[in-house]
Amino acid sequence: MSQLAYLAPSSPEEAAKALAASGARPLSGGTDLLVQLRSGRTSPSLIVDLKRIAGAVGIREEAGGFVIGASTSGAVLGEHAGLLRAWPGVVEGANLIGSTQVQGRASLAGNLCNASPAADGVPALVAARATCVIVGPNGRREAPVESIPAGPGKTSLAPGEFILEFRLPARPPRASDAYLRLTPRTEMDIAVAGAGVNLVLHEDGTVAEAHVALGAVAPTVLHVEAAGAALVGTRLEDEALAALAAAAQAACKPISDKRGTAEYRTRIAGVLARRAAVIAYQRAGGQR
Amino acid sequence: MSETLERPAAKADLQVVGTRPIRPDGADKVTGRAAYGADFNMPGQLVGKVLRSPHAHARIVSIDASKAKALPGAKAVVTAADFPDLASEVLEGGEQASNLRDLSLNVMARGKALYHGHAVAAVAAISSEVADEALSRIKVTYEVLPHVTEVEAAMAPDAPLLHDHLFTEGLEARPDKPSNVARRHRNLRGDPEAAFADADVVVEGRYVTPPVHQGYIEPQACVAAWAEDGRCDVWSSSQGQFMVRTYCAKVLGVEISDIRVTPAEIGGGFGGKTTVYLEPLALALSRASGHPVKMVMTREEVFRATGPTSGSVMNVRFGAKKDGTITAAEVELKFQAGAFPGSPVGAACMTALACYDVPNFLITGYDVVNNTPKVAAYRAPGAPIAAFAVESAIDDLARALSMDPIALREKNAVRDGTKASYGPTYQNIGYVETLAAIRDSEHYKAPLGPNQGRGVAVGFWFNVGGESTAAVNIAEDGSAVVVTGNPDIGGSRASMAMMAAETLGIPVERVRPMVADTASIGYSMLTGGSRTTFATGMAVVQAAEKVIADLKARAAKLWDVPADQVEWRGGEAICLDPKADKKPLTLETLAAQSARTGGPIAAQVSINAQGAGPGFGVHLCDVEVDPETGQVSVVRYTAAQDVGRAIHPSYVEGQVQGGVAQGVGWALNEEYIFDAQGQMENPGFLDYRMPVASDLPMLDAILVEVPNPRHPYGAKGVGEVPIVPPLAAVANALRGATGVRIPALPLSPPKVLAALDGAKAG
Amino acid sequence: MSKIHVTTTVNGDPAEFLATPGMTLLDALRDELGLTGAKEGCGSGDCGACSVIVDGRLVCSCLMLAAEAEGQRVETIEGMAQNGQLHPLQQKFLEHAALQCGFCTPGLLMGAKALLDSNPDPTETEARYFLAGNLCRCTGYDKVIRAVLDAAAELRQERTPA
């Protein structure tokens, strides 16, 4: 029978060392890991609980931006007024992961490293151009969030590496974001498709910068540059939104499965990108 | 006694019935004290687990458990070889009759595994981890066979056969070849073909529904102990401790009285706990190991191995005159039974046209085995499926006739004196009153918003009576204990206590209701078919009346007056002879003196209750559709039902609301999804998608009371009817919102969007 | 398999137990501490029957390792009634008949308590979304939501002296 051990290190270095052992799995909120343990989909020899590392839980403002401890729960994110004001889309993505109960535990790092294409926490982070600080046996490095998932269930992290914190850049004026997803139920469901849109506006209300990221329509979350480009210079006129939707749909390469057909996912991705763009635009102070 | 049975007491005379007291088991259930199936433990117990087939259809060539048995801490392994190979025998006592051999083969596969998840072996070990390891060491050699999942594929002449001995019953002549069609049901009245030829308007449709699960939140769980002298104890969560006792005794080949079953609190059943899965295995493991054995299913096991209800394909045709008179109907129902015969297609055939007075019809039903879990009863078994097809077609007929959907139903409604499509003549039914309640509701007249639609559908369930035992024991202080043999799934302790209190004339707080084990009360059929408040309630009232007769006799003795000079009123014995000048004797007084008047005061009654009185429901549903995504939300819902008389109106409303919620889930999102190998792809609450709180609006329940004269307080069964109309009510509302008829469930967003596209293109 | 010694506070009292590394908090509560009020309906965080409050946060105890509870405050249904008095939520659940089989009730009550602790005056919609992680198959949620809103009103009344 497999022997399992549990460790809750207090320093990142100690954690990296423990995680370098074969069969070690990091534990953050645990809302995916415990389901996998129970179903037998994973049988690690060591669980490394990252929550007792200093800085793993909590949010601090730094140079106008935010540093989010990787194991910070969705509930804590949702209660941070400053973060909500600056990055409402990032927070709503994180807050859509599971129920209130799951929100009490689930973290952005877990959501990202579980590497589900449908992860609700990820598209808005990608659209936000967020980065993560990674600790590993060879020290620290910083990488864009979108570089972490490598396919369903796979990440680009090397053995022993784990995410210590996320960094969200400082916000210029007239900037906001939004995340929308579609699920058959109103809650407690996995996204059939999801769209995060991050906008910065000029003073005249035209879009200065736009980033669009889509979930559940490809093996990893997609940053669709053409979709963002379709909005730049516009006030989200109907033609601009149609171009956004078309660009978003053109980037989709989904699978058909029990949660939705490829055709349906693609179509919905366009609808959601359009709707999320309108919400982000209004939040940024734009008037259509 | 016969007087009260003839005419239910007038409502104005009732003190307790119709009020809303707090349920007697309430405090235990809000504090976590109530003990459900998995909450019981015995000293020295082992953990039992089941090895399940990874194939949808396979011959079991061999099972080698030697390595599992050799594992330290593994105490027993059982397979089909440890159970008697039983002959075919029909067993009554469940919600539906079942075949003993099939029951046994479903508990443990013998020779062939018939569905993915079918039990092939079970182990008992000192811990969950050791049990898992033991399971992994059992080597089963399978010869994989072709499998069949869909009902029409299973009916095809070249389909893989599940059972070589199965020949279709119900045909004019016995077929010469075996088939997956276990039975054909047929019910013909008049001359439907001629009536169709003569009709002004004909509508027809083909309807498809997937298998859906009862979805009780508590997985099956039990503890079993087999003593050295052969006496057995079972503690389990089920809809009937006597059902568990009978089935275990038969499957294991032991005396019924050697098994005592104690009912745990039950965490939902909805029909799904009207049979056994774990209990015989736990007993066999306990016998083999010499230890008590506890078994608890995982949620995945619940989905893979316990009863869903049937998936179906149905064809329905209605013919009518221009004025809306329905003259002809044709209904064809093909139901999946799962691995063994016994789908609820028979009940579906009987209920399909039960709300309509149609002179000419043909109803045909097929009970078809296939390589999915054996279906189990699910709330009004079969009726919601048939009603989805029939009520969708009736909605289309109303549109074709440009008639109001309620007016069309009123025009063709069954009434007292109508001969029901399934045989008997209706009496004391409240169907038209229920239609009127919806027609006159504020909801029916309220305006609809953009992208919204409104649907009406009706439903019927027979309700059943049957065998029940109840005891009423008066304590020395005049309080009462009511003992029954029916597990309390949804508040029946409250209604039992209320009926006893009403009859005895004492406050309900002075009555303590108990659900007893099989050794402590006489036989009672299981809790199901909406029978408990009716049938067991009748036994409670009769036991209380027997107590009253005894109390009157004792009062007469104390007063030295003839027995007919004593009346029981308001909890007191009253002397009718004014000359005797006797002060009334309260129950307290009589109880305190019981030793002097003949000993303890108690009565037990066993009955086979008849005259349950059918129930009718009329539902009204508003949905809103997102035309860009196909997402459907139920925005308003009103359900009216003839309940006879509500004993505890809150719990009656609760039954109605709960049935609606299950029906809405069935309509919108719930389904079994099978992959190409016949394995269920969504065996968890995440992807099975039952409604959550934010999926539903408030659910308005209108209780229509047309009392049942066969019950002392007028009760009719209420639990089943509310799940019958919602499937069609939602579908009809969606038809109203979109202009498109979607005849296949669930009405999931991709399907709705595709239908909207089709409508635009067409 | 070496066991981990876990020291926690459960319903205000110190509690210690030994946990295997893979043991969930739910199993520890039920099997080690004998607190069977939290139920297992799914084992995957999709039904909420095992809901407890840990350091003020509503969680599924099936999604948390027992070892993670070290040094934390755990509140379960067994601690909801105080000094022999039902909590207003418990009382309102009974008055509104907000339970039928009662299996989901402990989890729903913990969820409702977490809701009212953070939002004393929730709208119907807020209550429905907050409690979406608590499946109930019996009631259709109607009476549950009414009971929660009624309890919220009563608790607000208690807090505001007349």
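A salt bridge is, here, a side-chain nitrogen of Lys or Arg within 4 Å of a carboxyl oxygen of Asp or Glu. With that in mind, select C:K143 and B:E653, which form such a bridge across two chains, their closest N and O atoms being 2.6 Å apart. The model on screen is a predicted one, and every distance along the way is computed from it.

**Stop 1: chain B against chain C**

From that pair, widen the selection to the whole contact, which takes 51 residues from chain B and 43 residues from chain C. Chain B and chain C bury about 3800 Å² between them, and carbon and sulfur atoms account for 60% of that area. On the side of chain B, colour B:V30, B:I217 and B:M698, the residues that lose the most area to chain C, together 20% of what that side buries. The count of salt bridges between chain B and chain C is 4, and there are 24 residue pairs in polar contact between these chains, both residues at pLDDT 80 or more. To see which elements take part, show helix 2 (26-30), helix 19 (649-668), helix 20 and strand 30 (699-704) of chain B, each of which gives two or more residues to the side that touches chain C. Helix 19 of chain B gives the most to that side, with 9 residues. Coloured by class, the side of chain B that touches chain C shows 25 nonpolar, 17 polar and 9 charged residues.

**Stop 2: chain B against chain A**

Next, select the contact of chain B with chain A, to which chain B brings 23 residues and chain A brings 19 residues. The area buried between chain B and chain A is about 2100 Å², with 50% of it from carbon and sulfur atoms. In chain B, the residues that lose the most area to chain A are B:E628, B:L686 and B:R689, together 26% of what that side buries. Zoom in on B:R689, whose side chain meets that of A:D189 in a salt bridge (3.1 Å, N to O). Across this interface the rule finds 7 salt bridges, and the count of residue pairs in polar contact, both at pLDDT 80 or more, is 15. The elements of chain B that give two or more residues to the side touching chain A are helix 5 (128-136), helix 20 (685-688) and helix 22 (749-761). The largest share, 4 residues, comes from helix 22 of chain B. By class, the side of chain B that touches chain A has 9 nonpolar, 5 polar and 9 charged residues.

**Stop 3: salt bridges inside chain B**

Over all chains the structure holds 78 salt bridges, and chain B offers several to inspect. Select B:K411 and B:D323, whose side chains meet in a salt bridge (3.9 Å, N to O). The pair links distant parts of the chain, with B:K411 in helix 13 (residues 405-411) and B:D323 in the loop between strand 17 (312-320) and strand 18 (326-338), 88 residues apart. B:K411 is partly exposed at 40% relative accessible area, and B:D323 is partly exposed at 42%.

Move on to B:E442 and B:R636, a salt bridge with its closest N and O atoms 2.8 Å apart. B:E442 lies in helix 15 (residues 442-445) of chain B and B:R636 in strand 29 (residues 632-642), so the pair ties together parts that are 194 residues apart in sequence. B:E442 is exposed, with a relative accessible area of 55%, whereas B:R636 is partly exposed, with 24%. Finally, select B:R23, B:D25, B:K29, B:E265, B:D488 and B:R493 together, since these residues are linked in a network of salt bridges.

**Stop 4: cysteines and a glycine of chain C**

A search of the whole structure finds 0 disulfides over all chains. Select C:C42, whose sulfur is 3.8 Å from the closest cysteine sulfur, in C:C47, too far for a bond, where the cut-off is 2.5 Å. C:C42 is buried, with a relative accessible area of 9%.

End at C:G133, in the loop between helix 4 (124-130) and helix 5 (142-159) of chain C. Is C:G133 buried or exposed? At 1% relative accessibility, C:G133 counts as buried. Leaving aside residues up to four places away in sequence, C:G133 touches A:S99, A:Q101, A:M188, C:C47 and C:G48.

Technical notes
Residues numbered from 1 in each chain as written. Chains lettered and ligands numbered in written order. Predicted model: local features only at pLDDT ≥ 70, side-chain atom pairs only at ≥ 80, totals over all residues. Heavy atoms only, no water. Contact = heavy atoms within 4.5 Å. Buried area = accessible area lost by both parts, 1.4 Å probe. Polar contact = N/O pair within 3.5 Å; in protein donor to acceptor, adjacent residues only side chain to side chain. Nonpolar A, V, L, I, M, F, W, Y, C, P; charged D, E, K, R; others polar. Buried < 20%, exposed > 50% of the residue type's maximum accessible area, 1.4 Å probe, protein only.
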